[in-house]
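I set out to look up the annotated span, the nonpolar cores and the pocket in this model. My entries follow.

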Amino acid sequence: MDLKLLRSFVELVEAGHYGKAAARLCVTQSTLTKQIQALEAAVGGVLVERGRHGARPTALGELLLAEARPLIKSSEEADARLRRASAGLTGRLDIGFGISTLIAAPALIAGFRQRVPDCRITLDDMASRRQHERLSAGRLDVGFCRAPEADGELSFAPILTEYLALVTPHGVALPAPDRLDDLNGLGFVALSPRRGPGLDAQIGTWCETAGFRPRVVQQADDILTVHAVVAAGLGAALLPWHGVEALGGRTQHTRLSGKGASWPVGLCWRTTDTNPLLLRFIDHVSGAGGMRGL
């Protein structure tokens with residue numbers, strides 16, 4: 001049934017007069033009359049009676065009125081939801097993040113939720129390489145991660161600069177950068193290369209430049225475990241500076257410098273994605289307000 005005709009019918013019944021209803025609908029009275037006639041033809045009976053007291057619904061009209069009002073309300077609510085979705089004010093985002101943005105990502109998302117409260121967000125911890133893969137496969141909307149390889153499929157906006165940090169247990173003297181071999185007696189704990197290929201490559205570049213080869217005595221599948229092992233006094237590690245800062249004071253650490261000691265971390269998304277909510281989120285994060293304090 002034509003919702004436009006139903007709206008005209010409901011407006012006529014509520015106004016009780018063709019002239020008043022036509023004015024409210026911004027149509028001529030003859031146009032409204034034709035609309036009511038068309039609706040009556042569709043339902044197969046008279047819906048409105050004209051008399052001295054204006055236009056009143058017939059028994060059939062009363063039945064249609066009871067059906068029409070919830071239909072119109074439902075349609076208006078759906079239209080409103082679609083308008084909000086088109087404006088990026090509602091919807092769902094699946095977001096990935098890594099340990100380098102353990103503080104930054106939740107803070108930015110919280111600020112976005114204050115601006116756009118009618119949105120659903122899932123936040124999953126995963127390595128940058130996995131984020132890139134899931135973004136390319138359409139199984140992730142946006143990620144806080146390393147820059148992807150330059151293939152044009154994914155876009156990237158830097159948020160912060162991450163650094164390598166030398167992490168040791170409390171009580172272990174931090175050696176000078178040119179004396180890192182002193183820590184090989186204790187040994188190093190490393191993230192498994194298959195779980196963190198980006199970090200592994202970063203460490204490899206820095207160590208090659210520094211002329212240092214760490215003696216790896218243990219590997220783990222996640223950075224939290226690596227950090228916990230170091231905190232227990234079972235080795236040293238090379239980990240992301242911002243990530244270690246976010247984990248508290250269970251270890252001591254110093255920021256490294258030189259080639260391979262730093263890299264950009266930022267927001268990554270599919271270049272061709274036109275999701276209005278995603279575009280609004282990107283604007284929030286990359287804007288001055290979203291970046292402040294990072």
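**Notebook: span, cores, pocket**

I looked first at residues 1-58, whose end C-alpha atoms lie 19 Å apart, with 62% of the span in helix and 14% in strand (DSSP runs: helices H or I of at least four residues, strands E of at least two, numbered from the N terminus). UniProt lists this span as "domain: HTH lysR-type" in an unreviewed entry.

I noted that the model is predicted, that local features need pLDDT of at least 70 and side-chain atom pairs pLDDT 80 or more, while totals for chains, interfaces and linings use all residues. Residues are numbered from 1 along each chain, and side-chain values use heavy atoms, without hydrogens and water.

I then looked up the largest nonpolar core (buried Ala, Val, Leu, Ile, Met, Phe, Trp, Tyr and Cys joined through side-chain atoms within 4.5 Å; buried is under 20% relative accessible area, 1.4 Å probe, protein chains only). It has 52 residues, and Phe144, Trp206, Leu267 and Phe281 have the most contacts inside it. Strand β6 (residues 154-168) gives the largest share of this core, seven residues. Another core, of 20 residues, lies apart from it and includes Leu5 and Ile72.

I turned last to the largest pocket (an open set of 1 Å grid points over the protein atoms alone where a 1.4 Å probe fits, with protein on both sides within 12 Å along at least five of seven lines; lining residues have an atom within 4 Å of a point). Of its 29 lining residues, Gly98, Ile99, Met126, Ala127 and Ile223 are the closest to its centre. Domain 2 (93-159 + 268-286) and domain 3 (160-263) both contribute to the lining, so the pocket lies between them (bounds from an automatic or database domain assignment).

Technical notes: Buried means under 20% relative accessible area, exposed over 50%, partly exposed in between (1.4 Å probe, protein chains only). UniProt positions are given in the numbering used here, feature names are shortened, and annotations may be inferred rather than shown by experiment.
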